[in-house]
Amino acid sequence: MLNTSRLILVLGDQLDAGSAAFDGFDAKRDLVWMAEVKHESSKVWSTKARITVFLAAMRHFRDALKDRGWRVDYRQLGGAGGETFAKQLREAIRRLRPKKLVMVEAGEWSVACEIESVAAKTGVELEVRTDRHFICTREMFQKHAEGRKQLRMEFFYREVRQHTGVLMEKGKPVGGQWNFDHDNRESFGKSGPGLRMPPMRFVPDDLTKGVIADVEKHFAKHPGALAEFDWPVTTVQARKALDDFIKHRLAEFGSFQDAMWTNEPWLYHSRLSAAMNLKLLDPREVIAAAEKAYHEGRAPLAAVEGFIRQILGWREYVRGIYCHFMPDYIERNAMHAEHELPDFYWTGDTEMNCLRDAIGQTLRLGYAHHIQRLMVTGLFALLYGVQPRRVHEWYLAVYVDAVEWVELPNTLGMSQYGDGGVMASKPYVASGKYIQRMSNYCAGCRYDPAQSTGLRACPFTTLYWDYLLRHEPVLRQNQRMSLQVRNLARLSTEDRVKLQKQAQIVRTACGSKS
């Protein structure tokens, strides 16, 4: 393999058969390089499910490239070359002697810096190509951001709709409005979600079983479980999962996308985010399938628009935010939160039903839907006052769809308000009453969401009022928080003292030392 002209670098989240990195590929002279790097699963304490999704998808993608007749230099776990990405790449360059490195834009800032550093130190030319998996290029987002004091998703989303023509008719949005968010906030009520077709499962094949065995061997002490592992890890599987969602769950997705129910992890959600973030599935294909379902009368506009907005709007916007504000974005902590993440985030061992269910499901499956993340695990961390970077590290570690470009802004910005309003126009804070309204978690819980002090006080409700009290001067300056802040006026001095004492009880019970 010493006649390598170009070494095509393919990262674990770049499993795109149509990648720009492969443009002009010469099967006789070029070589694809992929590496399973142990450190990438250990720099945050990744769950077994997350590690398995990446490695299983990588090995299947490697074999698909070989089936094309392409040469692939693949470093598997436990092989030679070192445990860090930089060491693996340096060893590959020494061994293969490429004249040039080619790749598409890395999805993680630190990985991009690592590659640039190795290329510079080894004296090998590095060509970084635009990642056309995304609908909006980095340059397009930069142009959108120019001259704007605020970068709100809604305005970006409208621009991209106009640019792509998705759900547009004669230059105007289909249905006469840009979004139908107000139609998509229903709860199930006491009757629950009812009978539904469960999502399609993908029983591990022999290759994936081998990955599972390797993960159990090399990451035995990592959290999470693999007994129920059934994620799509190939493009063929991902397309089947897309068809299954469109056929069985899209029509009800809109109405109930924010609803939660005990022991019901999937409900009407798509289970497609991991496949898209690994780039096994093109977002254009997903959007087109949803749009077609609307035009054929198989799903209502509110559901289709709500689903498409998550991909065409939110997903592209979040990537733009990440690229625009990194590398300092990761250090932002606008509300000066300084507590450590409670230990129960790694075990699910808590008396709070909502957190026990959401975290237990996360550790078992590597998955929780967006409201469980935003308004259960994320909300508690925000109210508690956890350092945003610690919350980010947990989310990056536990979810199978977590890649830093998408996870960091969603967690640090949207969920924790750590960026001070770049992502969200206000902190997403609520008491336990919100969780009661959108789920059945509060039924049978030892805590009462209506109580903020006393033995049955819901920690969410206690910490909600404590959050408002602690940040009252800052929150008063935010018009969108005016109603919530005004509610503080009905609290007496005695009430405030009781709330603050109760909040300290909660933090002590959760093991906070600060």
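Begin by selecting the five strands of the open sheet, whose order is E3-E2-E1-E4-E5 and whose pairing is parallel. Keep in mind throughout that this is a predicted model. At the edges of the sheet stand E3 (72–75) and E5 (125–129), and because each has a single partner strand, one side of each is left without a neighbour in the sheet. If you look along the sheet, the twist from one strand to the next averages 25 degrees.

**Inside the sheet**

Next, select strand E1 (6–9), which pairs in the parallel sense with E2 over three bridges and with E4, also in the parallel sense, over three bridges. To follow the pairing residue by residue, show Leu7, whose bridge partner in E2 is Leu31, and then Arg6, which stands opposite Lys100 in E4. In a regular strand the side chains alternate between the two faces of the sheet. With the side chains of E1 displayed, you will find Arg6 and Ile8 on one side and Leu7 and Leu9 on the other, and as all of them are buried, both faces of the strand are covered.

Move on to strand E2 (residues 31–35), which runs parallel to E3 and is joined to it by four bridges; here Ala35 stands opposite Arg75 in E3.

**Helices against the sheet**

Now add helix H2 (residues 85–96), which packs on the sheet and touches E1, E2, E3 and strand E4 (100–104), its direction making about 150 degrees with that of E2. Then add helix H3 (residues 109–122), which lies across E1, E4 and E5 and runs at about 150 degrees to E5.

**Helix H1**

Select residues 48–67 to bring up helix H1, and compare its length with expectation: at 1.5 Å a residue its 20 residues should span 28 Å, and the end C-alpha atoms are indeed 28 Å apart, which agrees. Colouring by accessibility shows that 16 of the 20 residues of H1 are buried, so this helix is largely enclosed by the rest of the structure. Just after H1, stop at Gly69, where phi is positive, at about 95 degrees.

**A buried threonine in H15**

From there, go to helix H15 (residues 404–415) and pick out Thr411, which counts as buried because its relative accessibility is 3%, under the 20% cut-off. Leaving aside residues up to four places away in sequence, Thr411 touches Val391, His392, Tyr395 and Gln416.

**The cysteines**

Which cysteine sulfur is nearest to that of Cys323, and how far away is it? With sulfur atoms within 2.5 Å as the criterion, the count comes to zero disulfides. Cys323 is accordingly in no disulfide, the nearest cysteine sulfur being that of Cys136, 9.5 Å away. Cys323 is partly exposed, with a relative accessible area of 22%. Cys510 is likewise in no disulfide, and the nearest cysteine sulfur, that of Cys458, is 11 Å away; Cys510 is buried, with a relative accessible area of 16%.

**Stepping back**

Finally, zoom out to the whole chain, whose secondary structure comes to 20 helices and seven strands. Along its principal axes the C-alpha trace spans about 80 × 55 × 50 Å. A compact globule of 514 residues would have a radius of gyration near 24 Å, and the chain has 24 Å, which agrees. Buried residues make up 59% of the 514 residues, and among contacts between residues at least 6 apart in sequence, 76% join residues at least 24 apart.

Note on methods
Residues numbered from 1 in each chain as written. Predicted model: local features only at pLDDT ≥ 70, side-chain atom pairs only at ≥ 80, totals over all residues. Heavy atoms only, no water. Helix = DSSP H or I, 4+ residues; strand = E, 2+ residues; numbered from the N terminus. Expected span 1.5 Å × (residues − 1). Buried < 20%, exposed > 50% of the residue type's maximum accessible area, 1.4 Å probe, protein only. Contact = heavy atoms within 4.5 Å. Pairing = 2+ DSSP bridges. Axes fitted to C-alpha atoms, helices over the stretch in contact; angles between N-to-C directions. Rg over C-alpha atoms; globule rule 2.2 N^0.38 Å.
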